[in-house]
Amino acid sequence: MTPRSLPLWLALVFAVLCGGLVAVQSRINGELGSRLGDGFTAAAISFGSGLVILTVGLAIAPAGRRGLARVRDALRTHRIRWWYVCGGAAGSFLVLSQGLAAAALGVALFTVAVVAGQTISGLVLDRVGIGPGGRRPLTAARLVGAVLALGAVTWAVSAQFGGSAPVWLMILPFIAGLGTGWQQAVNGQVRQVANSALSATFINFAVGTTVLLVLMLGHWAMVGLPKQVPTEPWLYVGGAIGCVFIGVTALLVRQTGVLLLGLATVAGQLVAALLLDLLLPTAGHVLAFSTVGGTLLAIVAVAIASIRWGWRRTPA
């Protein structure tokens, strides 16, 4: 079954599962960064290991190499703009904002700012038609779903609010959220041109890895190399999870649109985070009722935003 013929409800289920993978990846990469004492190095390792996996995939999959050739030809003939292949830079900026703002803001405010940016980005990009699914109207259901999703995330993390960080510092994660929606849209366009999710994912990881390597080297120049490298294999599977997430969402965005894809992945992150807190709690963290309630509300928000009242997609 192709993404184009995939029922919307099933595409949203896959998107929720992808969001769950992000929560698992965040837990793994966070632990790796803690063990290394260097979040930039942890992010570069995650992206770099994913790039290695994808390079092996291209070596054994001729369809992926043909996809890269199609993208190269499309860039040469200006069928797509050069910035369509720079989606991986948005992921790098998200990592940068984590390093600069997450500790000062706290996880709660940081998450709310990212989701706010991602939600607004999804609404605008769908309306303009940047994604591969074309233009999608700004309906009441989509607006209500977007507002509910933002409220759900705020409620889910409300138990973590605190601190006196300046509000202006939320600008960085907000911009990172805007970039996340844009990344999903352009990756979907690249996948459509390449006719290969492998090709689109490889390009995303190649760009992201390049940016993160530069940031890592700059960080090393200022503070030095990590003093120890953990040996547990599970700490290095974040890149493989990222490959699955980027590849699947590049396939799904044509069917779901940028907004619904973003809302569904956010809901999946909350569900997975809730399960992780229940099954593998971290020290000093207590599961709050607001986390459960916010997670359920996020699922309701996705259901409301997916309601269609006779509208049809129009080509961009």
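The following paragraphs describe selected helices, a surface patch and aromatic pairs in this predicted model.

Helix 7 and helix 8 may be considered first. Helix 7 covers residues 171-194. Its 24 residues, at 1.5 Å a residue, should span 34 Å, and the C-alpha atoms at its ends are 34 Å apart, so the expected and computed lengths agree. Helix 7 is mostly covered, since 17 of its 24 residues are buried, where buried means under 20% relative accessible area. After helix 7 comes Asn195, whose phi is positive, near 55 degrees.

Ser196 then caps the N-terminal end of helix 8. In this cap, a side-chain oxygen of Ser196 lies 3.3 Å from the backbone nitrogen of Leu198. Helix 8 itself comprises residues 197-223. For its 27 residues the expected span at 1.5 Å a residue is 39 Å, and the end C-alpha atoms are 38 Å apart, which agrees. Helix 8 is followed by Gly224, and here too phi is positive, near 95 degrees.

Helix 8 also takes part in an aromatic contact. The structure holds three aromatic pairs. One of them joins Phe47 and Phe205, whose ring centres are 5.4 Å apart; the planes stand at 40 degrees, so this pair is tilted. Phe47 belongs to helix 2 (residues 39-60) and Phe205 to helix 8; with their positions 158 residues apart, the pair links distant parts of the chain. Phe47 counts as buried because its relative accessibility is 14%. Phe205 is likewise buried, with a relative accessibility of 4%.

Another aromatic pair is formed by Trp155 and Phe289. Its geometry is edge-to-face, with 6.1 Å centre to centre and 70 degrees between the planes. This pair, too, links distant parts of the chain: Trp155 lies in helix 6 (residues 140-156) and Phe289 in helix 10 (residues 289-305), 134 residues apart. Trp155 has a relative accessibility of 36% and therefore counts as partly exposed, a class that falls between the 20% limit for buried residues and the 50% limit for exposed ones. Phe289 has a relative accessible area of 64% and is therefore exposed.

Nonpolar side chains also appear at the surface elsewhere. Trp9, Val13, Phe14 and Leu17 make a nonpolar surface patch of about 430 Å². Leu17 is found in helix 1, which covers residues 8-36. With 53% relative accessibility, Leu17 counts as exposed. A general property of helices is useful when viewing this region: an α-helix has 3.6 residues a turn, so residues three or four places apart point the same way.

Definitions and conventions. Residues numbered from 1 in each chain as written. Predicted model: local features only at pLDDT ≥ 70, side-chain atom pairs only at ≥ 80, totals over all residues. Heavy atoms only, no water. Helix = DSSP H or I, 4+ residues; strand = E, 2+ residues; numbered from the N terminus. Expected span 1.5 Å × (residues − 1). Polar contact = N/O pair within 3.5 Å; in protein donor to acceptor, adjacent residues only side chain to side chain. Patch = residues over 30% accessible without salt bridge, like charges linked within 9 Å, V, L, I, M, F, W, Y side chains within 5 Å. Areas by Shrake-Rupley, 256 points an atom, 1.4 Å probe, with all protein chains shown as cover. Salt bridge = Lys/Arg side-chain N within 4 Å of Asp/Glu carboxyl O. Buried < 20%, exposed > 50% of the residue type's maximum accessible area, 1.4 Å probe, protein only. Phe/Tyr/Trp six-rings, centres within 6.5 Å; stacked < 30°, edge-to-face > 60°.
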